[in-house]
Amino acid sequence: MKTLNSIYYIARLSFYALLAFAGVAFLVVTCLIFVAAKDLPQVPEPLGRIIDVPQTEVFAVTGERLMTLGGRVPVPLSSVSTHFLDAVVATEDHRFFEHHGLNKLRTLKALYITLFKPGKIQGASTITQQLAKNLFFSFEKTYLRKFRELLVAFQIEATSTKQEILHAYINQIHFGAGAQGIEKASQLFFGIPASDLNLGQASLLAGLPKSPTRYNPFRHYDRALKRRNTVLKRMVAVGAIEALAAREAMETRPQLIARQGDSRTGSYFVDALINQLVEKYGEEVVFHGGIKVFSTLDTRLQAAADGAVAKGLVRLDEMMGLKQGDAPLPQGALVAIDTGSGAVKAMVGGRDYFQTEFNRAVQSRRQPGSGFKPFLFYAALNDLGLNPASVLTDKPVTVEINGAPDWRPQNFERRFKGGMVLKQALTHSVNTIAAQLVERTGPAAVIRTAQRCGIKSPLEEIYSIALGTCGVTPLEMASAFSTFATNGVRHEPFLIWRVEDPFGRVIDEHIAQGKRVLDPEITFQVVDMMRSVVDNGSGRNVRRLGFTRPAAGKTGTTDSFNDAWFTGFTPSLSVSVWTGFDREKKLAVKGRVGITGGRAAAPIWAEFMKEALKNEPERDFPIPGGIRFEAVDPVTGCAPEGDGSLGTDLNSVHQVFRVPLKEDQILCQGEEKP
Amino acid sequence: MTQWYEPITVSEWLKRTLSFFNLLLLVALATLLFSEFRFDWGERLVGNYLASTNALRPEVGIVWKTGNQASRAHTALDSMVTERQDTARAVQGAATFAALSGIVLPGQWTSLDSDRFKELYLGLAPDVASELISPSELVWLFGSPGLTRIFCQGTPQGLEIYFLGSDNRVIRQLDLDHSFLSGLENQGASFSGKLEDIPGFAGRIFPADRFFNVLLALPKEVQPDLITTPELLLREKGTIVRAGIWNEAKSGYIRLGFEFQENGHTKIVFVRAREWAVWRLSMGLAKGDQ
């Protein structure tokens, strides 16, 4: 009896204690509700309003939408595949249509696991709770946050229908890779509207919100498929689909659309454009303003640029004996500019955007090497009264510099060829003649010319500037050479033609304004020398690769072979190509012979130009009035002996040149006669 | 004594356990619990309570932050667009190029209706209009199919007007800098005072008779280029006592100042003269000095 009494005593005590505890708990929870309710976030009414933020759209000049930023475009439930709706409900909250914001049994089970099975955690958030969390709360994991989230979920349930809640949920949920909302996810991963998702695709997407990074199908496709299969099993378990349909769906491997990778823009051009927009309008307008940006990008040229750089880098890898997977691999950059306006038509900032977002086309300042010589030659022709037939001697040169060691530039071939006309000197990129010219013009004249043409990077006033020892970007080089292409009219490079607000009202537009910065006749003389570089000189690889249109350009290779450039232009398009390693490393054939701009960058340039201009009529460079052409002996600078016909042997030292001369310039007025 | 909580028999124990109060409490609790599980009244109660206080609560959280950012972005965009529209409206009402430059401030831009431009241009004195752009070139510009619109932009230097072709490419650009614009305003304007008071005429002030003797000695075809707007001088009532030549040429023109005297009061009237004609005049005046 005593035992019975004890049991009774304990039972009774427990009962009343439990009762008291329940009472206290009820009071505490009630108080908590009142306290927490004060600074709970206000829930927008109607709920749909919260996801109606217009997105900023970026368009190519050819009309295609390049990308969207921020914002969300909600789709009604009726425009979403029922497979997806079934899958997401089965996976995330199969009692969604029954509960009122809280799945109590699942919560109790989760509580039990959390309390009594250390190390194991089970989630019990309903779709409404997840919606509340995503809309109002940070991802900080605290009990108080959880409680507040629950209260908001109750309010959402009390004021919205299940359809409204599900609509809000599927339109704001994150699927990873920058896709927020089912429509964007469907477009991003499969390139189709959400209404067209089949069971395999829908179940794959429904599995992503659990861990968008871990299950990102672009990066972990098999893991995403495994998760997809779990979703399908859940769908069978809750009776949303038949087991047979699930089995069939499990056997499919949904095709992802190519080259999306993740949330990033996937484009060096768009990155550069967004940076410009943010600088001008601020992040709020760019990411939340729903503006429409009409860019200068030509998708056909961009595809050609991507292809040419990829192909050129593979060829470079092979030349260097590198294999995929070796690290580091050389990088490349390309910028193409419309000479008539300055519009940037294509931009490649590296080998693979998804490996490195560093945009070498606009952010990387690399030494252009001999690619800088056209600025020197212009300065020399302009300031010293020389002409392309003026003769200088290729000989050892020592330039004395106050307070510093003498400068003794060497030729690439380490030998001296004696007297030659300036056109010959630029064609074969003779460093000693460049040194003699810069000694006479002074480095300031070269800098002045480069800056007039559009070089904006800081340039040091040193003699070696003539040989391109100051870093510049491919964008600057393409833009500066574009000034030569237009006979001295400079157009500022730009990426955006027009910006409109969400209602189509223009808030900014670019006026393609040219400014004469160089003398047209002298510029034409320099262009003629640069044509010779492409036809007969260090850039002749361009011709060997089958690019036959009128073109001018200049190769550039740094002493250490760290940088290999080719910048060239036709009358309509100016393109700069750089190749090299991000860190100082020599471009060399299997570690031995250095690779020049003519071998590494010129083929990329030629490949791109062939594709870019294939549907355009051929145009020649306009000849300014007052220019006449004369045949000249490249050694004497005088009229050639004999009939004066132009030589065809590219390797002949005595090939006859045709040089453009201004009205007051005559032959045989050479600087130095051999 | 047996305590109330110590039943001595099983029947007593059962009786007490199944007492009315206990059963009622149990049933009440079970009903409460069951009904909550069945009808979710707790969630509804809390939800409805929170809905009733919704308007009083703060607009905080990610969604509100995003909403506010969007709202601020739209405000910023609206103000940009409104400014543009205001400028565009005001420009259509501008009566002169000088007024236009007062509307399109540095950093602002707007399109200019081609008829409006023509009106402004035709409102200029012929010599000034020619200085801005030759009438024949303007005829060619307006007649060419390439012209799509006229665009003007305020700059710190004054006003730039662009004639645009397709793709917003500039076909022709007119720079109306401050000195040109002030010249427009001063054209025909008078200045109370003497020529010495204006530093621009220093060292180049001549008695009127000498000035006109040299001028009239110049070939007949040169003279109209020196007094390009005689009406400005003819409408003055006083007598010209001296004339000055400005020390700076602008766009092929040099300003001349004529000092009028009337009832003891002196004033200067400015006119423009062709640079090359003024150069010939100056040569003649210089010869006189020798």
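1. A good place to start is burial: 23% of the 290 residues of chain B count as buried. Please keep in mind throughout that this is a predicted model.

2. The overall dimensions of chain B go well with that opening point. Its radius of gyration is 44 Å, whereas a compact globule of 290 residues would come out near 19 Å. Taken along the principal axes, the box filled by the C-alpha atoms of chain B is roughly 150 × 50 × 30 Å.

3. On to the domains. Chain B is split into domain 1 (10-54), domain 2 (94-181) and domain 3 (188-289). Between the C-alpha centres of domain 1 and domain 3 of chain B there is a distance of 108 Å, a figure you may like to view beside the box of roughly 150 × 50 × 30 Å.

4. For secondary structure, chain B holds twelve helices and nine strands. As for how its contacts are spread along the sequence, take those between residues at least 6 apart: 56% of them join residues at least 24 apart.

5. One sheet deserves a closer look. Four strands of chain B form an open sheet in the order 1-2-3-4, and the pairing is antiparallel. Strand 1 (109-112) and strand 4 of chain B are the edge strands; each has a single partner strand, so one side of each lacks a neighbour in the sheet. On average, and with direction ignored, neighbouring strands here are turned by 20 degrees against each other.

6. Within that sheet, you can follow the pairing of strand 1 with strand 2 (residues 149-155) of chain B, which is antiparallel and runs over four bridges. To find the register on screen, look for B:Leu112, which stands opposite B:Ile150 in strand 2 of chain B.

7. Now the contact between the chains: chain B contributes 43 residues and chain A contributes 46 residues. On the side of chain B that touches chain A, at least two residues each come from helix 3 (41-52), helix 4 (62-92), strand 3 (158-164) and strand 4 (170-177) of chain B. Helix 4 of chain B gives the most, with 14 residues. Sorted by class, this side of chain B has 23 nonpolar, eleven polar and nine charged residues.

8. Lastly, a link between two of these points: strand 4 of chain B stands at an edge of the four-stranded sheet, and strand 4 of chain B also supplies at least two residues to the side that touches chain A. I would enjoy looking at that region together with you.

Definitions and conventions. Residues are numbered from 1 along each chain as its sequence is written. Chains are lettered from A and ligands numbered from 1 in the order in which they are written. This is a predicted model: local features need pLDDT of at least 70, side-chain atom pairs count only at pLDDT 80 or more; totals for chains, interfaces and linings use all residues. Two residues are in contact if their C-beta atoms, placed from the backbone, lie within 7 Å. Ala, Val, Leu, Ile, Met, Phe, Trp, Tyr, Cys and Pro count as nonpolar, Asp, Glu, Lys and Arg as charged, and the others, Gly among them, as polar. Domain bounds come from an automatic or database domain assignment. Two strands pair if DSSP finds at least two bridges between them. Axes are lines fitted to C-alpha atoms, for helices over the stretch in contact, and angles run from 0 to 180 degrees between N-to-C directions. The radius of gyration is taken over C-alpha atoms; the globule rule is 2.2 Å times the number of residues to the power 0.38. A residue is buried if 20 or more other C-beta atoms lie within 10 Å of its own, exposed if 12 or fewer, and partly exposed in between; C-beta atoms are placed from the backbone.
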